[in-house]
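User: I would like to go through the labels attached to this model and see how each one follows from a value and a cut-off.

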Amino acid sequence: MSQIGFYRDENYDLNVQGIKISSLAEKYGTPLFIYDASLMKERYNVFLDTIKEVKGNIHYAVKANDALSIISYFAKLGCGADIVSIGEFEKCVAAGISPKKIIFSGVGKDKDEIEIALKNNVLQFNIESEEELNDISEISSRLKITANICLRVNPDIAPKTHKKISTGEKETKFGIDLQNVKSIYKKLHQLEYINPIGLGVHIGSQIFDFNFFYQAYLNLKELADDLKFNGYKVPTLDLGGGIGIHYNNSIKPDFVSYKKIVLDLFKDSDYQLSFEPGRSLIAEAGVLITKVIRNKKTKDKHFIIVDAAMNNLIRPTLYDAYHEIEPIKITSINKVVADIVGPICETGDFLALDREINEVKGNDLLAIRTTGAYSSVMRSNYNARKDAIEIMVYNEKDFQIKKSETIKDIISKEKIIKFD
Ligand code: LLP
C-alpha cells in the first residue's frame with residue numbers, strides 16, 4: 001500500500017496512492033479537485049478512536065463537502081450526518097445515510113423544510129430560537145409526528161478564530177442565549193409531539209485553543225446536569241464541530257488534546273454524545289490542481305495567472321485563508337515571490353499573495369493543498385466559469401465523481417424572455 005495522502009515520489013513528483021498527479025491532470029484536465037479516500041478513512045478512524053471511551057456518534061458536517069461520493073464513503077465507514085438544509089438532507093439520503101442518523105441544524109429552517117424532515121423521520125432538530133420551536137410544534141402537531149428537539153446553546157464564547165466563522169458569541173445569529181435555555185427546555189416538556197432530547201453547542205470552526213471547547217462543553221454539561229437535577233430528561237449532548245487543521249504544514253489535527261477534554265468532562269457521565277466534525281475529516285484529503293496560464297510581470301509585482309479562481313476556491317478572498325501552493329513537478333530551483341491569481345475580473349480574485357514559490361512557466365501544474373473542505377462546496381459560476389472537475393482516488397484507482405460541466409450546461413439552466 002502506498003502512502004496515505006499526497007506525497008512526493010523519488011523524482012519529487014506529487015502522487016496519490018501510487019498515481020502521479022500529472023497523469024490525472026492530463027486525463028481529466030484542470031482545474032481539478034482530487035480527493036484521497038485513504039486519508040478520509042484514516043481521519044475518520046482517528047476520530048472514532050478519539051471518542052471510543054465515551055458514548056458518542058459521529059455526524060459528518062456535510063457542509064464541508066457534500067459531494068455524493070464523499071458523503072457515501074463516510075456513510076460506509078459508519079458516519080451519520082449533520083445538515084443545514086433540506087437540499088443537504090436529500091443529498092445524504094441519496095448517498096445512503098438513513099434519516100435516523102441525520103441531525104438537522106441551522107438557524108433558518110423554513111416550514112417546508114421542517115415538514116419534509118419530520119415526514120422522513122429525521123433523527124433530531126437542533127433548534128436555535130423559541131420562534132423556531134413554535135413553528136416545529138405547530139407542524140408536528142398538525143402531522144401528528146413527534147419531533148426530537150435539541151436546543152443549541154449560545155455560550156457567549158469567542159474562540160479566537162476568523163470573525164466570519166466564529167459562532168458562539170452572543171452577537172452572532174446562532175444559538176439560544178444562556179439565560180433563556182432553561183425556560184425553553186422546560187417548555188419542550190409541555191408540548192405535545194415534541195420530545196426533548198438534549199442540548200448542543202457549536203462555537204465556531206478552525207479552533208486551535210481547545211480551552212474554548214472545554215469552557216463551552218463545561219457550560220453545556222452544567223446546564224444539562226441542573227435540568228436533570230430538576231427532573232427534566234436530558235439524554236443527549238451535541239458537541240458540534242470546529243477542530244482546527246493546519247493549512248501551512250503537515251501537522252495533523254490535535255485529536256489527542258480534544259480526546260483529553262472529552263474524557264475529562266464526559267468519561268463517567270451517562271450522556272449520549274454527538275460530534276459534528278467537518279473540516280478535520282476532509283480538508284487535508286483534497287487538492288485543487290490548476291494550470292499556469294502565464295506569468296505577468298510589472299515593475300512592482302510578479303503575478304502567476306492560473307486557471308483556477310475564486311469561483312473554485314473563495315477561502316483566500318473571504319477569510320484571508322492560507323493554502324499551500326506548490327508545483328506538482330519541480331522544474332526550477334529558482335524561487336520567486338508572486339501573487340497567484342485567477343482569471344476573474346476582481347482584484348479580490350487571488351489564491352495567494354506575495355507567495356514564495358519555485359519559478360513556473362505556462363502549462364506547469366500547481367497543487368493547491370488542503371482543499372477538501374469548504375472549497376468546491378462554495379463554488380460559483382461567476383464570470384460564466386464552469387465548475388472544476390472532481391475525482392476521488394479509492395483503492396489506487398481514480399473515479400470521476402461529478403459530471404464535467406460545460407458552458408452549454410450553464411446556458412441550459414436559463415430561459416430567454418421573448419421581447420417584442
Ligand atoms: N456543526 C455546525 C452546527 C456548524 O455550523 C459547522 C460549521 C460544523 C458543525 C462543522 O465545523 P468544522 O468541523 O468543519 O469546523 N466556510 C468556512 C467554514 C464554515 C463553517 C460553518 N459551520 C471556511 O471555509 O473556513
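Analyst: The questions below concern a predicted model, and each answer sets a value against its definition.

User: Why is Val 256 called exposed?

Analyst: Val 256, which is found in helix H9 (residues 255–266), has a relative accessibility of 66%; exposed means over 50%, and therefore Val 256 counts as exposed.

User: What makes Gln 400 partly exposed?

Analyst: The relative accessibility of Gln 400 is 37%, and since buried means under 20% and exposed over 50%, with partly exposed in between, Gln 400 counts as partly exposed. Gln 400 lies in strand S21 (residues 397–400), and, not counting residues up to four places away in sequence, Gln 400 touches Tyr 28, Ile 389, Glu 390 and Ile 391.

User: How do you know that a polar contact joins the side chains of Gln 400 and Ser 404?

Analyst: The distance for this pair is 2.9 Å, whereas the definition asks for N or O atoms within 3.5 Å, one able to donate a hydrogen and the other to accept it; the pair is therefore a polar contact. The side chain of Gln 400 also reaches the backbone oxygen of Lys 402, at 2.9 Å.

User: Why is Arg 279 said to have no salt bridge?

Analyst: The nearest side chain of opposite charge is that of Glu 284, 9.0 Å away, while a salt bridge requires a side-chain nitrogen of Lys or Arg within 4 Å of a carboxyl oxygen of Asp or Glu; so Arg 279, although buried, has no salt bridge. Arg 279 lies in helix H10 (residues 279–282), and its contacts beyond four places in sequence include Ser 205, Gln 206, Tyr 247, Arg 315 and Tyr 374.

User: What makes the approach of Arg 279 to the ligand a polar contact?

Analyst: A backbone N or O atom of Arg 279 lies 2.8 Å from an oxygen atom of the ligand, and because the cut-off for a pair of N or O atoms is 3.5 Å, this pair qualifies. Two tyrosines can be set against that cut-off too: a polar side-chain atom of Tyr 374 is 2.6 Å from an oxygen atom of the ligand, and an N or O atom in the side chain of Tyr 319 is 2.8 Å from a nitrogen atom of the ligand. In total, 17 residues surround the ligand, the closest being Ser 205, Glu 276, Arg 279, Arg 315 and Tyr 374.

Note on methods. Residues are numbered from 1 along each chain as its sequence is written. This is a predicted model: local features need pLDDT of at least 70, side-chain atom pairs count only at pLDDT 80 or more; totals for chains, interfaces and linings use all residues. Side-chain values use heavy atoms; hydrogens and water are left out. Helices (H or I, at least four residues) and strands (E, at least two) are DSSP runs, numbered from the N terminus. Buried means under 20% relative accessible area, exposed over 50%, partly exposed in between (1.4 Å probe, protein chains only). Lys and Arg count as positive and Asp and Glu as negative; His and the chain ends are not counted. Contact means heavy atoms within 4.5 Å. A residue is near a molecule or strand if one of its heavy atoms lies within 4 Å of it.
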